[in-house]
Amino acid sequence: MMRKRERLRVVGNWWSLVVLLGVCVSCVAASDAEPNDVLNQATALNLIDVGVVHIQDAELGNGPLGAADRDLFWFDVSAAAAKRPVLVSVRMTATVEGFDGYLRLFSPQGYDIAHNDDAGYPDLSPHLQAHIAFPGIYFIGVSHAGNSVYSPTDAAGGRAADTSGYELMIELSAGPPLADSLELEFDEAVNVTGSSLVATGQFLGDGEFGLGDVDRYAIALRGPAIITAVVTPRDVQRLTPALSVEWTNSLHSFSEVLVPAHEPSRSRDGAQRIEVAVFDTDEAQVVLQPARGWPTEPGMRSGSFGFYDISIEVELVELELDGPFEPNDSLLHVAPTGLTGVGFVQMSAVIGDGRFGSFRGDIDFFKLPMPVHQRLVVEVEPVSAGGASSLLPAVQVYDYLGETVGRAHAGENNRIEYVLEWRCEHASVNNSQGEHLGVAIMGAGSRPPIDPLSAWKIDGFASCPTCQPPLPLYAIDGGAGSTGAYDVTFSILPSEFPTCGSEPDDTITDVSESVLAGSGEYACGGTLGDSPCPLGFAGVDILRVTSMAPQSVLDVRLITDVCGAPNRVLRLFDATGLELSQVVGDGSIRHTLDAADDYFLGVSNQGAEDYDPFVACSDDGFFDEYDDVDRYELEIRLTPPEPDSPQPEAPNSESDAYAHGDDRLFATSLDPSVDAILELDVLTGDTLASIEAPEGPIGGGEGLAFDGVDLYFLGGGRFPYLYRMDADTGDVIERSLTWFGSGIYGDLVAHAGGLCVVDMRERAVYVTPTALDGPVKRLDVGMGGVGLRGPIALRVGPNRLLAIDAADPAIVHEINPDNGAILSSLALGGACACAADFDGDGDVDGEDAAVFNACNAISGVAFGCIPADLNCDQDINAADAAILDCQRAGPGVPPNSDCCPEDLPTVAGSATSLASVGGGIVTGNWLQASLRRVSFNGAPLDSIAIDKPIGALAGVATAPFGDADMDDDVDLLDWSALQTCFSGDGLPSNDSCDVFDFDSDGDVDLQDYGLFQNAFSGDGL
């Protein structure tokens, strides 16, 4: 050992170093000294401040760690030398061709402050360069690239990799002076005066906080502006900082930092450029910090430090129309088309000429008038003077409130021909004068605005100031998108929507043809002002529907309030003229037709609903012959009775008890490009079907419920619409406007023929009929000091509402559905996911690493960063970085398996969505592409992979058959309970006995007795 150390010699005159034909002049050969795998065993270089050491016969693989070997060497930097940063240059050359070496530079505390893999592909020899501005003992680590995340303080922390002999050249020299660096005391921000700043010779790493140095440049804004910052390292090898723009929202009383999710662009010379529009603040800051953030554990990669030049430009933005088109980036800044009614107009424009195109994607908004019962046609064709256009267009249509009402993507020849029949169903307001639509044309891949009413809200943080770190990539949906010129034709044409009958149709005997016979769906628009009845008598429109089988179900929805005149009346008659049902105004009728016969639907004005369906003009009433808005719409669906289904079999395992064959699970998609409600396989997580959501996605804040037949969708905003939908087709059967409570709702669940809706502001659950047309009951859950996060589900046998606690997303409360009392609470748990595919795209790549790095820069495990704690130890540290690097196989390549440590802990299940399916609970998390299944007592069952993270969940709870005491077995205690529930064939039992009604026929009889015996497992089994 002593002989090896004696062979180390330092050349004090570092500038005399000459490397010629691979030979180091003024250097002597040296060797590494094993063991040197951790900091306190590192080989001394006897090198202080300046000099060169050449190690010629070093070897990886010759130490006690075998194939996991790494070699550590140390040198010293004095206080005097650190005042003029010391430049460290290390070059490794392997003796085995193709060996991929790796170099790391550790601080005195063992933090990774610089690292290098390759000098430049295909040269796999690493060349590390870094500046040091603080005195102390520093360490150089040498390893294979496959063993790059070892801990320098733990010999057991490496991974087996290829081995090789190598040479190492280490040089310390004096760097440039810090005279031009604008570092202020306590890392305060440098003020940018005027509209620009150019600063050269700046240094990242000279601040009061040493390795935690952050350079900030403060900008006082006089109005909306675009900030452009360019940072150029003096040496590409020496500095790779993270560049961002931060601002605080001055409209709020708190001071949250908002970091936009824009990836700064990098050029070949290492320069980084970021352009951000800032419109909602008084001050912003351009920030440079180590690429990996402040390290929290020895070995954690934290990025490098060094010299850079920076330029900052601040361009004030005029928020007025600038020319015929730009800026036309929102519904409040739209380009007029000139159309006032039926007709067409042709225009030419460009995607990419807007102010926000480089980072969000340019969007052109056009304004079009749209009365109901007209047809909009949008034709977009990319054009190019010299060949194929680079534009791949996309179209999105908004109503005046900013709700998405349609979208289209390019088809053959990159053209779009989009047709929208504008109906009362689509309208947002009374359409006596019509409303204006906004047609947004953009390049495919562009990021649609979070708020189409404001061009300036360019990412999720404008509406979510507490979201930190940046939103995951799947929630952002693209970036700048494609650009290019295009021609567009807007046409407004007469509607092709069917008319509700033709005159005369004022009596049952006038109507000879059925609009539906047997089964099917039909929609039409009608006008009451075309009746032949004289003034002073009411006109009526009557339609015929024919049932071909008894017990067919007729659903009819009347839409009138937004058609131009409210207070229409819908009546349902049988063939004898007997009224079976009636609804006034916007509403629906659902009626089971007892006989195979003709049935009739009559529409009239309110106040004239006492007409005789066999006598024309039989009721007083009036219509205005000059009223051109006397409209309504009908949506009719006729469903034949379902064939008898076989009796269900008894469950014979925990898995079978959890999910029965008829169970269905629905979820809203978080992908803003699809507006979809997904049906998922309960056992595998596969997507079985996708139907269109009635409103655009709102980031998981919508509500979803399923009653076993229909879906219920609660939209966004305050006092949103509630939609009843066909669970198979997505057709809207009924739409009602909510009105109870605060109007700020979370999720909802179907229960006892109605709905339970979470009011998050009032800490209450409202119980209401599905049509919102009856009395509402309030359950004051918050009386006990409990708040609800939003998700809610149902447990049956006994009936309980399940809701997630507002303060702790891992706690589920059981709530009495009769009075709102908290009966018990359970903690959700599950296996540690240990999955670094954060964006759910099937691989672990740079995008996942970016999410991890953002979380790693935050102390602790912030909400939204729970998945980044890969080993579930309540910290994000070097061990998690090692797992990520192990799983990272590159874009399009499935993650490496066997990267997670054994005996991972069971962790609390942070749930942002909740549903009951079968006899258990399903939870989802907006940041994880997986679902977790949990028993009703909180015990984890398994985790199910899904394509992408989802928002709300909905399913139907069924009794865990046979398990009356809910202890996850069917034993003698349950047998005892069965004796008291036995009622006999056809004799109903009470609700608490549903757990024994295996065949779901409303009684507990001998057939259920036999099925119970099949399910019997014994105590604890």
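**Reading disulfides, a helix and two sheets**

A search of the whole structure, which is a predicted model, finds three disulfides.

Me: What is a disulfide, in general terms?
Reply: A disulfide is a covalent bond between the sulfur atoms of two cysteines. Here, Cys-500 and Cys-524 form one, with their sulfur atoms 1.9 Å apart. Cys-500 sits in the loop between β30 and β31 and Cys-524 in strand β32, so the pair ties together parts that are 24 residues apart in sequence. Both Cys-500 and Cys-524 are buried.

Me: Is the disulfide of Cys-500 and Cys-524 right-handed or left-handed?
Reply: Look at the torsion about the S-S bond: for Cys-500 and Cys-524 that torsion is about 95°, so the disulfide is right-handed. For Cys-834 and Cys-900 the torsion is about -105°, so that disulfide is left-handed.

Me: Which parts does the pair Cys-834 and Cys-900 tie together?
Reply: Cys-834 lies in the loop between β55 and α4, and Cys-900 in the loop between α5 and β56, so the pair ties together parts that are 66 residues apart in sequence. Cys-834 is buried at 7% relative accessible area, while Cys-900 is partly exposed at 29%.

Me: And where do Cys-886 and Cys-899 lie?
Reply: Cys-886 is in helix α5 and Cys-899 in the loop between α5 and β56, so this disulfide ties together parts that are 13 residues apart in sequence. Their sulfur atoms are 2.1 Å apart, and the torsion is about -75°, so the disulfide is left-handed.

Me: How many residues of α5 are buried?
Reply: For burial, the cut-off is under 20% relative accessible area. Seven of the ten residues of α5 (878-887) are buried, so the helix is largely enclosed by the rest of the structure. Among them are Ile-883, Leu-884 and Cys-886. What covers the buried residues includes α4 (846-856). At the N-terminal end of α5, Asn-877 acts as the cap, with a side-chain oxygen 3.1 Å from the backbone nitrogen of Ala-879.

Me: Now the sheets. Which strands stand at the edges of the sheet β47-β48-β49-β50?
Reply: To read an open sheet, start with the strand order. This one has four strands with antiparallel pairing. β47 (745-751) and β50 (777-779) are the edge strands, each with a single partner, so one side of each is left without a neighbour in the sheet. The twist averages 25° from one strand to the next. β47 pairs with β48 over five bridges, and Val-749 has Cys-756 in β48 as its bridge partner.

Me: What is the strand order in the five-stranded sheet?
Reply: The order is β31-β33-β38-β35-β36, with mixed pairing. Its twist averages 20° from one strand to the next. Within it, β35 and β38 run antiparallel, joined by seven bridges.

Note on methods. Residues numbered from 1 in each chain as written. Predicted model: local features only at pLDDT ≥ 70, side-chain atom pairs only at ≥ 80, totals over all residues. Heavy atoms only, no water. Pairing = 2+ DSSP bridges. Helix = DSSP H or I, 4+ residues; strand = E, 2+ residues; numbered from the N terminus. Axes fitted to C-alpha atoms, helices over the stretch in contact; angles between N-to-C directions. Buried < 20%, exposed > 50% of the residue type's maximum accessible area, 1.4 Å probe, protein only. Contact = heavy atoms within 4.5 Å. Polar contact = N/O pair within 3.5 Å; in protein donor to acceptor, adjacent residues only side chain to side chain. Disulfide = S-S within 2.5 Å.
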